[in-house]
Amino acid sequence: MALYNDTVMEHFMNPKNVGELENPDGTGTYGSPVCGDMMQIQIKVEDETIVDAKFKTFGCGSAIASSSMATSMIIGKTIEEALALTNKEIINELGGLPPVKVHCSVLADKAIKNAIYDYAQKNGKVYAALEGYDPNEDEDEHDHDVPEEE
Amino acid sequence: MRNVYLDYSATTPVKEEVLQEMIPYFTEKFGNPSSLYDKGLESKEAIDTARARIGKLINADPKEIFFTAGGTEADNWAVFGTADKLKEKGNHIITTKIEHHAMLHSCEFLEKQGYEVTYLGIGPDGRISLEELEAAITDKTILISVMMVNNEIGTVQPIKEIAAIAKAHKVLFHTDAVQALGNIPIDVKDLGVDMMSMSSHKIYGPKGEGALYIRKGLRISNYLHGGAQENSRRAGTENLTGIVGFGKAAELADIHFDEHVKHCSELRNYLVERVLNEIPDTHVNGTMDARHPGNANITFKYIEGESILLMLNYLGISVSTGSACSSKSLEPSHVLSALGVPVEMIHGTVRFTVGDFTTKEDIDYVVENLKNIVEKLRMLSPVNAQKGW
């Protein structure tokens, strides 16, 4: 009996890609400590491919584990492929999260998007998946309004 | 792996003497206390003994002790029983923002029925203001309910003073003493409370058992309806083994009170001192004066509590946290919010509660591991002392 499965625990106890890059091509953050979760992702891009990614996360076990998993998943992917990464894929790769924790991994895909947005802005790049994207939009997808169990 | 349990405010193990006292009442001495033959009377006698032991612990007449299925039922009974009994007199209840959910959610339920509830805030020391309390009383006020010791920050309320104010205004006063029982001296007569909730499993007794003290001469409406048990005040065949266990636990709490308090407060103080001295950016929530002897509520800045809890758990250490991420409702602790702790720091708060079986070696093991865990999580965190929040 455990709160998280073995894969999640492994990524939580021994997270991959922790830290910050020396000269990142893009930096994205999402969430805030007030919400209980905040994530920063940095990417290194070569020929439209993410060659390295690092993260720093303030948050619970699933937030840290999904950060580790998400950064692992985008390394080696093209920008387009990374933009297509969904929360569901991250959660599946982790072997599932408790339902109440699903919101935590929303951080990872948003933080990745924000990092790529930053890269695109700095390098004058245009991606269809980022059309009309606002990294500072309301964080309503990351709300905490889960109905309490009666 | 070493196992260190530091969550005695959540629950306690049943003490061996308590268990031994209970065992015969599962098998040979199983009679229904309401039955008139010897086997029934034997059970009734066991219940009377338990009632007397609990009465002694709080200086009450045994007749003033009514067994319930725990602290939650006792709180519910006190609130709903008073609200119903005094519905002609008024519809206003005064309580605090830091009560247990057994009280808060009961009051919220009554609000939906048209009752009005005032929720008093607390000061930086974790206590309510007596002036504010007195000012909140109206001619419609029927009940004041203030918990004796808070379950999260361990702070003790000025119960005697509150009871005096309630009495002066002819308002009934209930206190939830679930965390206080066995941890601070309680004399219901000296305190002047009308009703008081208690729970067995916080004092090394079994779970699922509690009691409501109701002052002699006071009659509130019944909450459970049925048979004539508990002097026709609380229906349902008695939880015989639970009551016997609660009684024994109360007796032990009474006999060993001084050494229990000394043992817990020494270890708690040792834990607090080491954490504050050896781990930077930490602070204790709530005053250290007049506090539950086993409670340490500590904020670790720039990291999140569930992560701390998980890593401690991995090493066999059990604690709890005020972080929203750890609660099913995802709401940060209402107690720490009321205390004015900023939300980002509530997320990084851990409650440690020591008890009778805690040793100094346990504390050393916890602090040594905590140092590594906090360092590791701070390395992972995008916020830190240099960058700020």
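## A guided tour from helix α6 of chain B

Begin by selecting B:K160 and B:A168 in α6(B), where both residues are exposed. The model under view is predicted.

**Stop 1: helix α6 of chain B**

Extend the selection to the whole helix, residues 159–168 of chain B. Which of its residues are buried? They are B:I159, B:I162, B:A163 and B:A166. These four lie on the same side of α6(B), because the arc they cover around the axis is only 100°. The exposed pair, B:K160 and B:A168, is on the other side of the helix.

Next, display the elements against which the buried residues of α6(B) pack. Two of them are helices, α5 (130–136) and α7 (188–191), and two are strands, β5 (141–145) and β6 (172–176), in each case of chain B. Before leaving, step just past the end of α6(B) to B:K170, where phi is positive, at about 55°.

**Stop 2: B:L133**

Select B:L133, which belongs to helix α5 of chain B. Is this residue buried or exposed? B:L133 is buried, because 21 other C-beta atoms lie within 10 Å, and the cut-off for a buried residue is 20 or more.

Now show its contacts, leaving aside neighbours within four places in sequence. B:L133 touches B:I94, B:L120, B:I128, B:I162 and B:I165. Of these, B:I162 was met at the previous stop as one of the buried residues of α6(B). A distance drawn from B:L133 to B:T95 gives 8.9 Å, C-alpha to C-alpha, although 38 residues separate the two in sequence.

**Stop 3: a loop residue in chain B**

Select B:Y204, in the loop that lies between β7 (195–199) and β8 (210–214) of chain B. Its phi is positive, near 70°, and the residue is not a glycine. B:Y204 counts as buried because it has 29 C-beta neighbours inside 10 Å.

**Stop 4: helix α14 of chain B and two partners**

Two packed helices are described by the angle between their axes and by the distance between those axes. Select α14(B), residues 360–380, together with α11(B), residues 305–314. How do the axes of these two helices meet? They come within 10 Å and cross at roughly 135°. The two helices are therefore oblique to each other; the cut-off for a roughly antiparallel pair is an angle over 145 degrees. The crossing of α11(B) past α14(B) is right-handed.

Highlight the residues that make this contact. From α11(B) they are B:S307, B:I308, B:M311 and B:L312, and from α14(B) they are B:N369, B:I373 and B:L377. By class, five of these residues are nonpolar, two are polar and none is charged.

Keep α14(B) in view and replace α11(B) with α10(B), residues 257–278 of chain B. The axes of α10(B) and α14(B) are 10 Å apart, at an angle of about 20°. This makes the pair roughly parallel, because angles under 35 degrees count as such. The crossing of α10(B) and α14(B) is right-handed.

To display this second contact, choose B:L267, B:Y270, B:L271, B:R274, B:V275 and B:E278 in α10(B), which meet B:K360, B:I363, B:V367, B:L370 and B:K371 in α14(B). The contact of α10(B) with α14(B) comprises seven nonpolar and four charged residues, with no polar ones.

**Stop 5: chain A**

Turn to chain A, which has five helices and three strands. Followed along the sequence, they occur in the order α-β-β-β-α-α-α-α. Chain A has 150 residues, of which 45% are buried. Of the contacts in chain A between residues at least 6 apart in sequence, 61% link residues at least 24 apart.

Within this chain, select A:N17. This residue is in the loop between α1 and β1 (26–32) of chain A. A:N17 is not a glycine, yet its phi is positive, at about 65°. With 20 other C-beta atoms within 10 Å, A:N17 is buried.

**Stop 6: where chain A touches chain B**

Finally, show both chains. How many residues of chain A are in contact with chain B? There are 22, and they touch 22 residues of chain B. On the side of chain A that touches chain B, the elements contributing two or more residues are α1 (6–13), β2 (37–46), β3 (49–58) and α2 (61–74) of chain A. Among these, β3(A) gives the most, with three residues. Coloured by class, this side of chain A shows 12 nonpolar, seven polar and three charged residues.

How values were computed
Residues numbered from 1 in each chain as written. Chains lettered and ligands numbered in written order. Predicted model: local features only at pLDDT ≥ 70, side-chain atom pairs only at ≥ 80, totals over all residues. Buried ≥ 20, exposed ≤ 12 C-beta atoms within 10 Å, placed from the backbone. Arc of directions from axis to C-beta. Contact = placed C-beta atoms within 7 Å. Nonpolar A, V, L, I, M, F, W, Y, C, P; charged D, E, K, R; others polar. Axes fitted to C-alpha atoms, helices over the stretch in contact; angles between N-to-C directions. Parallel < 35°, antiparallel > 145°, perpendicular 65-115°, else oblique. Left-handed = near helix turned anticlockwise from the far one by under 90°.
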